[in-house]
Amino acid sequence: MDKVDHAVPLLEVRGVTKAFAGVRALKSVDLSIEAGEVHCILGQNGAGKSTLIKLLAGVYTPDDGEIIWRGEPITITNPVAALDLGIATMYQELDVVDGLSVAENIFLGHEIANAGFINRRKAFKLARDLLRRLGHGDLSPNREVGSLSAANKQIVSMARALSRDTRLIIMDEPSAVLDSEEVKNLFRVVRELTAAGIAVVYISHRLEEIRQIGDRISVIKDGRSTASGLSVTETPTGELIRLMTGRELENVFPPAPPVPVDSPEVLTVTGLTVRGLFENVNFAVRAGEVVGLAGLVGSGRSEILEAVYGALKPSAGTVAIAGVALKPGSVRDAVNHDMGLSPEERKSQGLLLEEPVYRNVTLSTFARFARFSFLNERAERSAARTQIEALELRPADPDRPAGTLSGGNQQKILLARWLVHGTRVLLLDEPTRGVDVGARAEIYALIRKLSAAGTAIVIVSSEIEEVLGLADRVLIIAEGRVLATVAASDIDEHGVLETVMEGSAA
Amino acid sequence: MSEQTIVPSAEPTAPVMGPAPTQEEDGRGWFSRLLSSGFGRNLGLVIALGVLFAIGAVTAGDRFTNIENVLTIIRFASIIGVLSIGMTFVIIGGGIDLSVGSVMGLGSVVATLSVVQTLAGQNLWIIMVVAAIAVGTIAGIINGIVISYGNVVAFMATLAMLVGARGLAEILSNRTTQIVRSQSLIEFFRANLLGVPVLIWIFVIVAVLGWILLNRTTFGRRTVAIGGNREAARLAGLKVKRHTVYVYALSGLTAGIASVMIVGRTTAGTSTHGTLYELDAIAAVVVGGTLLIGGRGTIVGTVFGVLIFATLTNIFTQNNLNTSVQALAKGVIIVLAVLLQQRFAARTRRG
């Protein structure tokens with residue numbers, strides 16, 4: 001190592017600004033990162049986190065302000081320049097090539113080669129060393145990356161970062177696609193990196209994770225730094241939320257009123273099975289009740305939801321709404337019986353990103369507004385506007401393309417869609433993934449109001465706390481089997497995990 | 001079940017919002033609003049067509065700039081134009097139809113088969129029209145079923161239809177050119193209505209109906225939704241598979257109409273009619289601004305795309321340049337147009 005000066009931070013960002021087409025995404029951001037620390041960046045969606053990352057990764061160049069790397073002002077003109085400096089970025093949507101092997105991915109862009117011929121043996125060996133260093137010596141460098149889980153893809157992405165002389169790794173919501181076991185491993189790897197003097201910029205919406213892994217926190221709100229380098233251990237959560245949202249936030253989960261005893265059973269699932277995914281699932285949901293499916297990623301919880309909805313054809317079993325059996329494997333029939341699904345992947349399964357908000361809201365109802373097949377866009381827009389106002393969608397513009405809204409507001413579009421349709425059963429798969437803290441509370445409140453109005457709700461989330469906070473009853477699932485059904489008030493996160501572990505071992 | 005509404009909570013968590021801001025208030029200038037409007041999206045095409053007209057006027061003078069020639073251009077454009085309207089729906093719906101040209105040839109052969117012509121006689125030539133349109137629609141339905149329910153990639157399914165339909169046309173016609181015997185059919189397609197040739201009227205009517213279908217009906221909305229995000233459309237409860245069949249049937253229908261038009265124009269049916277027309281149609285649709293991946297496109301853009309190519313051909317013909325030069329220029333224009341479209345799409349998306 002050349003000149004090591006601990007008085008000089010590894011990376012400093014001073015008063016950086018960036019505008020797109022006249023809109024200022026970053027107004028003034030300051031950041032100071034020390035070697036060997038985990039520096040967390042907090043901010044709501046749209047606060048400017050992604051723009052900041054892309055400035056550091058060389059995707060964009062700042063309009064104004066300074067970036068100082070190891071004491072010297074620099075301009076990062078392109079992504080390769082950032083890598084050459086020693087700044088590696090792990091994007092949320094992992095940038096691995098599915099068709100290439102693990103080793104090929106790790107050395108993508110700086111192949112181990114002689115005169116253009118790849119030295120496969122050396123690449124294999126180096127890749128193996130890197131994977132061992134990350135605690136994944138079991139991952140074969142010859143495996144095709146497309147066949148790996150999200151967690152392992154992330155390891156590949158991290159190995160790629162380490163394959164260069166990296167001093168700073170930026171991780172954009174690395175835990176979003178991981179279950180709690182995998183998050184633990186991620187943290188172990190992060191600790192090893194920092195022990196070796198590498199700095200990690202860690203971006204996450206999950207405060208509890210930041211508490212576990214972070215050293216210092218910087219907060220961005222509306223493109224401006226509201227706090228820089230706060231100590232993780234000494235800053236209370238309330239303070240962080242106030243810095244992010246500009247308002248106080250208490251009682252994240254609104255209290256659940258008890259479900260009336262005489263409330264009728266609306267959704268009945270009997271013996272539902274999809275061979276190879278899950279078996280013999282039975283449950284019922286009464287009007288006004290919220291039932292949660294808790295389990296790890298890959299336990300089959302999303303698949304159960306999809307099969308209930310008819311998006312996945314069951315090999316056995318029935319789904320009935322108010323006693324009427326639905327045609328198996330027919331989404332159409334489910335929708336006609338007032339069942340709605342808010343899917344796991346909002347962008348790829350839920351929205352027409354280029355189409356205006358109102359057409360997304362009326363996607364399942366536009367035919368209802370039409371007369372003799374002629375659309376009535378005025379009525380559609382007005383119905384959408386009613387929901388946009390009721391759900392406090394921001395911006396409240398029905399004509400804006402859905403893809404330009406933040407995650408939380410996109411989630412609201414999906415809820416609005418089913419509100420316009422009118423649902424007796426609403427299935428919510430990961431309703432708060434990628435949604436910031438402020439918008440989360442709003443979505444929780446909406447779910448409460450819907451259930452209070454008599455909608456039967458089934459919710460799936462990888463955050464067990466969320467399932468427990470919202471649901472009246474919880475089905476604990478592991479490896480495609482329902483292990484237990486318990487009242488949410490009778491169990492805590494620890495208890496759920498314990499059940500899952502024991503059930504899996506059995 | 002009726003509509004539900006969530007009443008905003010009594011304790012305001014955010015400043016109470018008035019009515020949603022209108023376009024004027026959201027801070028964008030009138031120019032960017034103009035550009036992102038329907039008119040703006042086609043502005044580039046209007047300019048391109050204008051430039052072509054200027055070039056035509058300069059290089060060919062009066063031979064180019066007279067109403068007769070303009071009608072010739074549109075008349076030339078009308079057959080590809082009708083195909084392109086159907087193709088616009090297919091491409092917006094996220095598919096592709098390579099078979100339209102050869103289905104057109106098959107339609108022309110079936111319409112002019114001896115049996116059909118005998119049945120039609122001199123005056124009942126509508127039977128020939130119905131036969132051609134039926135052939136086109138059936139071919140489209142077959143495409144749709146193979147793609148939708150057989151899960152065959154649209155490119156391959158319609159490529160198979162391209163080859164197969166041409167072969168069937170050759171078998172049926174015994175590779176001969178079948179002359180139209182009905183004089184009244186020939187007269188009908190030669191006629192002018194209000195000074196405008198019948199072929200152009202057909203194109204205009206198909207284009208207007210296509211515009212209404214795409215922009216004003218549930219059919220159009222479903223097509224855009226399925227092309228924009230097939231999975232989202234499915235999970236919202238749309239009948240994606242069935243609708244996909246309808247879209248290919250529509251494309252087959254326009255191919256059937258186009259085959260009637262070419263029979264009328266050439267007074268004959270032959271298996272070679274419509275050869276490579278599918279590529280001209282796809283080029284016109286894409287140059288007209290429809291995204292090849294689906295989800296977005298306009299009929300007006302397609303009409304411009306068709307007119308641009310027809311005008312180009314006319315200018316070359318007027319200047320006695322050979323077809324090879326035309327083909328070269330066409331290739332260049334397709335690439336330039338798509339490059340411009342992408343630039344523009346990127347800008348409006350960010351704006």
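# Reading the strands, helices and loops of a predicted model

Biologist: What makes strand β20 (residues 456-460) of chain A mostly covered?
Modeller: In β20(A), 5 of its 5 residues are buried, where buried requires 20 or more other C-beta atoms within 10 Å of the residue's own, exposed means 12 or fewer, partly exposed lies in between, and C-beta atoms are placed from the backbone. Strands here are DSSP runs of E with at least two residues and helices are runs of H or I with at least four, numbered from the N terminus. This is a predicted model, in which local features need pLDDT of at least 70 and side-chain atom pairs count only at pLDDT 80 or more, while totals for chains, interfaces and linings use all residues. Residues are numbered from 1 along each chain as its sequence is written, and chains are lettered from A and ligands numbered from 1 in the order in which they are written.

Biologist: How do you know which faces of β20(A) are covered?
Modeller: Ala456(A), Val458(A) and Val460(A) are buried on one side, and Ile457(A) and Ile459(A) are buried on the other, and both faces of the strand are therefore covered. In a regular strand the side chains alternate between the two faces of the sheet.

Biologist: What makes β15 and β19 of chain A partners of β20(A)?
Modeller: Two strands pair if DSSP finds at least two bridges between them. Strand β15 (residues 290-295) of chain A is joined to β20(A) by 4 bridges, and strand β19 (residues 425-429) of chain A by 5 bridges, so both pass that cut-off. β15(A) and β20(A) run parallel, as do β19(A) and β20(A). On the β15(A) side, Val458(A) is the bridge partner of Val291(A) and Val460(A) that of Leu293(A); on the β19(A) side, Ile459(A) is the bridge partner of Leu428(A).

Biologist: Which strands of the open sheet that holds β20(A) are called edge strands, and why?
Modeller: The sheet has 6 strands in the order β18-β19-β20-β15-β21-β22 (chain A), with mixed pairing. The edge strands are β18 (339-342) and β22 of chain A, each of which pairs on one side only. From one strand to the next, the twist averages 15°. Helix α16(A) packs on this sheet, touching β15, β19 and β20 of chain A, and its direction makes about 150° with that of β20(A); such angles run from 0 to 180 degrees between N-to-C directions, with axes fitted to C-alpha atoms, for helices over the stretch in contact.

Biologist: Why is the unit made by β19(A), helix α16 (residues 437-452) of chain A and β20(A) called right-handed?
Modeller: A crossover earns that name if, with the strands pointing away from the viewer, the path from the first strand over the helix to the second runs clockwise. The β-α-β unit of β19(A), α16(A) and β20(A) is right-handed, so its path runs clockwise in that view.

Biologist: How do you know that helix α4 (residues 120-133) of chain A has a span close to that expected?
Modeller: The expected span is 1.5 Å times one less than the number of residues. For the 14 residues of α4(A) this gives 20 Å, and the helix reaches 20 Å from its first C-alpha to its last. Its buried residues are Ala123(A), Ala127(A), Leu130(A) and Leu131(A). They lie on the same side of α4(A) because they cover an arc of only 95° around the axis, taken from the directions from the helix axis to the C-beta atoms. What covers them includes α3 (102-106), β8 (117-118) and α5 (150-163) of chain A, where contact means C-beta atoms within 7 Å. After α4(A) comes Gly135(A), with a positive phi near 75°.

Biologist: Why does Glu479(A) count as partly exposed, and why is Leu276(B) called exposed?
Modeller: Glu479(A) has 17 C-beta neighbours inside 10 Å and therefore counts as partly exposed, whereas Leu276(B) has 9 other C-beta atoms within 10 Å and is therefore exposed. Glu479(A) lies in the loop between β21 (473-478) and β22 (481-487) of chain A, and its phi is near 45°, a positive value in a residue other than glycine. Leu276(B) is found in the loop between β4 (268-269) and α14 (277-287) of chain B, with a positive phi near 65°.

Biologist: Where does Pro395(A) lie, and what kind of peptide bond joins Arg394(A) and Pro395(A)?
Modeller: Pro395(A) is in the loop between α14 (377-390) and α15 (407-421) of chain A, and the bond is cis, with omega about -5°.

How values were computed. Two residues are in contact if their C-beta atoms, placed from the backbone, lie within 7 Å.
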